[in-house]
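Reader: I'd like a close look at the aromatic rings in one chain of this model. Could you walk me through them and keep it informal?

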Amino acid sequence: VGWAISILLGAGSLIVGLLVRVLPPMPIPSFLYKDYQVDEKVEIVPTIVVVGGESTEETTRRRSVTLWNVALRKTKMQVKVIKAFQMPKSASKLDIAAETVARESVAANQQHIAPKARWSKLRDMLFPGGVTRRGDNSGLIVVDPRSVRAARQRLARNLNGNNTGPS
Amino acid sequence: MGIAGTEVAKEASDIILMDDNFASLVKAVVWGRCVYDSIRKFLQFQLTVNVSAVVITFVTAFYTTVSGDQNPESILTSVQLLWVNLIMDTLAALALASDNPSDELLHRKPSRRTESIINADMYRMIFAQALYQIAVCLLIFFGIHHWTGGKDGEQMHTDSGTDPVTATIVFNTFIFCQIFNEINSRSISPGIHY
């Protein structure tokens with residue numbers, strides 16, 4: 001009798017669950033559950049208020065610095081993620097190759113976020129692809145053409161004052 | 001694009017596709033929603049267990065204390081509560097977490113950033129289940145002795161504590177409630193999805 005009572009009353013839990021699903025929903029007290037209808041506004045770059053007398057160049061510079069800091073913070077996060085996860089043994093050769101390229105890319109980014117001299121930071125900012133010395137002792141610096149184009153575009157945006165951030 | 005993308009784009013991005021395959025976006029969304037749903041299912045199940053166990057334990061312990069029993073104790077003993085936690089926290093969680101993602105996950109809208117992890121439907125299920133389980137267990141605690149052949153007026157608590165038959169039936173009922181509620185907890189949305 002005890003077992004029968006237990007099983008029957010326990011099965012009632014399933015029926016209660018069915019009723020909750022089928023019956024029209026009951027209102028929930030607001031102190032328990034507050035349904036937010038408006039999503040909070042996502043702001044990656046904080047709004048810069050131009051104080052009276054501040055020049056346009058100053059506003060553009062501050063905006064660029066903010067953009068740069070946001071990019072640095074995201075890069076640090078990517079480095080942490082890459083370090084935390086390992087490629088499974090069952091991964092295909094294509095995945096391993098992609099992961100290797102990504103790790104090298106992150107390693108390059110990691111060098112960018114290391115503390116450096118001011119001129120070195122400026123160089124990295126202008127040429128994200130990195131710079132190298134030619135091997136013939138000529139002293140000439142070789143840069144990635146894509147980095148040059150990116151640097152020119154970034155400078156052009158900054159000068160025009162319509163820098164909305166990299167997309 | 002983690003391979004072909006430029007460094008500037010990767011620095012400014014929120015998500016990087018390590019394999020440069022747009023299909024990975026769909027997989028990431030599906031598995032992300034599946035894991036989120038699994039956490040919600042487990043929360044729904046676990047909160048029901050905890051709310052009902054705490055209330056039953058408190059009420060029965062309070063009653064046996066107030067009624068003047070020489071050995072007042074809860075109807076659910078410490079070992080039984082530990083057993084419930086051991087089984088329900090591990091096996092039930094594994095069962096709810098091992099559900100595979102379904103195509104329906106892609107048919108719903110994204111969750112809002114400010115959305116609570118426990119939604120209104122989960123609250124309704126948690127409180128309805130907890131109320132039912134508390135009512136059933138307390139009903140047995142206060143009345144089963146007469147149904148199973150006890151004499152009128154005979155106390156359901158002996159001098160050495162709660163009647164073991166009553167305690168066993170309450171515990172069994174509580175466990176069966178959780179077993180059947182596990183089926184309810186496989187879904188966190190309204191409608192029948194068993």
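Is Phe171(B) buried or exposed, and what is its relative accessibility?

Author: Keep in mind that this is a predicted model. Phe171(B) counts as buried, because its relative accessibility is 14% and the cut-off for buried is under 20%.

Now for its partner. Over all chains, the structure holds 7 aromatic pairs. One of them joins Trp83(B) and Phe171(B) in an edge-to-face arrangement, with 5.9 Å from centre to centre and 65° between the planes. Trp83(B) sits in helix α3 of chain B, residues 78-97, while Phe171(B) belongs to helix α5 of chain B, so the pair ties together parts that lie 88 residues apart in sequence. On the Trp83(B) side, relative accessibility comes to 39%, so that residue counts as partly exposed.

Next, take a look at Tyr123(B) and Phe127(B). Their ring centres are 6.1 Å apart and their planes stand at 10°, so this pair is stacked. Here both residues come from helix α4 of chain B, residues 120-147; because they are 4 residues apart, about one helical turn separates them. Tyr123(B) has a relative accessibility of 15% and so counts as buried, whereas Phe127(B), with a relative accessible area of 37%, is partly exposed. There's also an aromatic cluster to pick out, made up of Tyr63(B), Phe141(B) and Phe142(B).

Let's zoom out to the chain that carries these rings. Chain B has 5 helices and 2 strands, and starting at the N terminus its elements run α-α-α-α-β-β-α. Of its 194 residues, 44% are buried. If you take the contacts in chain B with a separation of 6 or more, 74% of them are between residues 24 or more positions apart. As for the outside, chain B exposes about 10200 Å², and carbon and sulfur atoms supply 65% of that.

Back to helix α5 of chain B, where Phe171(B) is found. This helix covers residues 164-184 and packs with helix α1 of chain A, residues 2-22; the angle is about 30° and the axes are 8 Å apart. The crossing of α1(A) and α5(B) is right-handed. Sorted by class, the residues in that contact are 12 nonpolar, 9 polar and 1 charged. So helix α5 of chain B turns up twice in this tour: Phe171(B) pairs its ring with Trp83(B) from helix α3, and the helix packs with α1 of chain A.

Terms used
Residues numbered from 1 in each chain as written. Chains lettered and ligands numbered in written order. Predicted model: local features only at pLDDT ≥ 70, side-chain atom pairs only at ≥ 80, totals over all residues. Heavy atoms only, no water. Axes fitted to C-alpha atoms, helices over the stretch in contact; angles between N-to-C directions. Left-handed = near helix turned anticlockwise from the far one by under 90°. Nonpolar A, V, L, I, M, F, W, Y, C, P; charged D, E, K, R; others polar. Buried < 20%, exposed > 50% of the residue type's maximum accessible area, 1.4 Å probe, protein only. Contact = heavy atoms within 4.5 Å. Areas by Shrake-Rupley, 256 points an atom, 1.4 Å probe, with all protein chains shown as cover. Phe/Tyr/Trp six-rings, centres within 6.5 Å; stacked < 30°, edge-to-face > 60°.
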